[in-house]
Amino acid sequence: MTAVLPERPRVRTGAAAVPDLLDRLALAPADRTAVVADGRARNFGELRAEAMRIAGRLAARGIGPESVVALCLPRGAELVAALVGTLTAGAAYLPVDPRLPAERRCYLVEDAGADLVVTADADTAPLAGGVPHVSVAALAAPGPELPYAPVVVSGDALAYVIYTSGSTGRPKGVEIGRAAASALLGELEGAGIAVTEGGRVGWNASPSFDASVQQWVRLCRGDTLVVIDDETRADPALLARLVDEQALTDLDITPAHADPLLDLLTPDGGPRPLTLLIGGEAVSPALWRRLARLGERGVLRTVNLYGPTECTVDATAGWVDGADEPHIGSVLPGLRTRVLDEGLNPVAEGGSGELYLAGPRVGRGYRGRPALTAERFVADAAGEEHGGRMYRTGDLVRLLPGGRLAYLGRADGQVKLRGHRLELPEVEAAVAAVPGIAEAAVVLREDVHGAPGLVAYYRAAGPVTGDALRERLTAVLPAYMVPAAFVALERFPVTVNGKVDRAALPAPAPAAAPAAAGDGTAGDGTAGGLTASQTLIAGVWAAVLGAPHVGPDDNFFKLGGHSLLAIKLVSRVRAELGVSLPVKAVYANPRLRDLAAHLDTLVAAAASPNS
């Protein structure tokens, strides 16, 4: 049922007034598919009814405007309903990935001051002391059906809190208001990005990252949200199949994951009504040219999106074209750019400087961090609004003709790795906190086992090893923040002023293992002590990881493997054997001999006449 909603404030962006997200959600046809997830589809009528039940039960617990509800749920239909239900109650949501280490989950809930935690089961609870928990099943259980009537809130009301890596060693929560989230949707439409009426949008990003907001807000204009599960997200072949089967019109993806997907998306070069929303890290010139050629042929269209979490996801948009160099486009209408030099003077066209962003989509600040908020959200003296603020991004850009921007890198210790934003000081603090570590430094190197990766350097004051460090960090940090390599030093190189000379830190030694592939042939059909399949896997590992010697008992992840390298691994196996090795098999069988045995099983099944 569609309700007549009370009047609520409208957010003005540019010259257009944009309605609240939930006002638009209320108008979507009840019988149109809203969410596809978990093997079933829910229409908008069902979603609104479920959201009202959740909102009513949240309100009965005292949840309302400015309350924060932590959603510790796996990606799926229940997460979508809980998110919409939380906003319907007038409250804000805090995404907490249940796959995070328990210590990290607990920190997020406590630091945000969450009023309630919604979980799928007790095993995924953040374990935060004193914060009440409730299952999503209890909130969404069948009950009286009520007209969809969201709690009316102002545009300044808190919509969500999303945590980013912190330069102080602690993650910081970014607060974004409802008006800013509503304006984002209107600007995506105005920029020609969200154009397909009743489009089918793949929810690819983790809910813990702000790119997910860009995807779920599309639901509020009546588009279908297709939730992509973790297994499919990690496997290019499965993802390409889902794009076809679900007839996706829009897919958000990082450059690192787009590259191996393109061949699978366009095997015959035929046209596809697909828009790639690419972002999260810089696009290489080679990938840019490849995407531009596909666009010229009408195969797909690609827009390069840039924006910090602090400015409601997307700040600039640039269509991938035949430009001489990659660019991040020009600013979206809800924001204004300032490119300033070190003296805070505007730079001329062709000049470089730090990017500042101003306007109504600049966030409220960092939750519970007034000093840090004042440092990064500064007064906009040149702005049109009295008392306006601008966000100091820390990103260096060059001002191109027509207001377009070229991204040059960072001015501080923040880095982007496989689409994740992280602060090196936070990883360093985690390494230094391990017992037995006297000194630590973490850097991003461009060629760690054949790909960009973090390297942790440490000086030990007691018995500690790289493996022990990895085990401890895996228990406290998200997987993408765990270094790919660990280097023990007797002393750190220093500059003339006594600081660590990061440029002089040595490259990590290539990973090595006891057995070398191809050292000879034994009578039992092995090569250098390895079976034929082990030899093949060892060769692929050596190529992907940059490790000259790989043995049967080596562990892919202990040699520096990560999600992107796992994707490259299965792509190489598919190319050499014609066998589809799922990415999840690499995680389930990280030891070489186990993965080789699994591969033998797949090859035998493929060769069977009954297969």
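This passage describes the sheet, a helix lying across it, two residues with positive phi and the cysteines of a predicted model. Residues are numbered from 1 along each chain as its sequence is written, and side-chain values use heavy atoms, with hydrogens and water left out. In this predicted model, local features need pLDDT of at least 70 and side-chain atom pairs count only at pLDDT 80 or more, whereas totals for chains, interfaces and linings use all residues.

An open sheet of nine strands (E, DSSP runs of at least two residues, numbered from the N terminus; paired if DSSP finds at least two bridges between them) shows mixed pairing in the order β4-β3-β12-β11-β13-β14-β15-β16-β17. The edges are formed by β4 (40–43) and β17 (330–331), each of which has a single partner strand, so one side of each lacks a neighbour in the sheet. Strand β14 (residues 275–279) runs parallel to β15 and is joined to it by five bridges, with Val-303 in β15 as the bridge partner of Leu-277. Helix α11 (residues 285–296; helices are H or I runs of at least four residues) lies across β14, β15 and β16 (contact, heavy atoms within 4.5 Å), running at about 165 degrees to β14 (between N-to-C directions of axes fitted to C-alpha atoms, for helices over the stretch in contact, on a scale from 0 to 180 degrees).

Thr-312, in the loop between β15 (301–306) and β16 (316–319), is not a glycine yet has a positive phi of about 60 degrees; at 0% relative accessibility, Thr-312 is buried (under 20% relative accessible area, with exposed over 50% and partly exposed in between; 1.4 Å probe, protein chains only). Glu-66, in the loop between α2 (44–60) and β5 (68–72), likewise has a positive phi, near 75 degrees, but is partly exposed at 38%.

Zero disulfides are found in the whole structure (pairs of cysteine sulfur atoms within 2.5 Å); Cys-72 is buried at 0% relative accessible area, and Cys-220 is buried at 3%.
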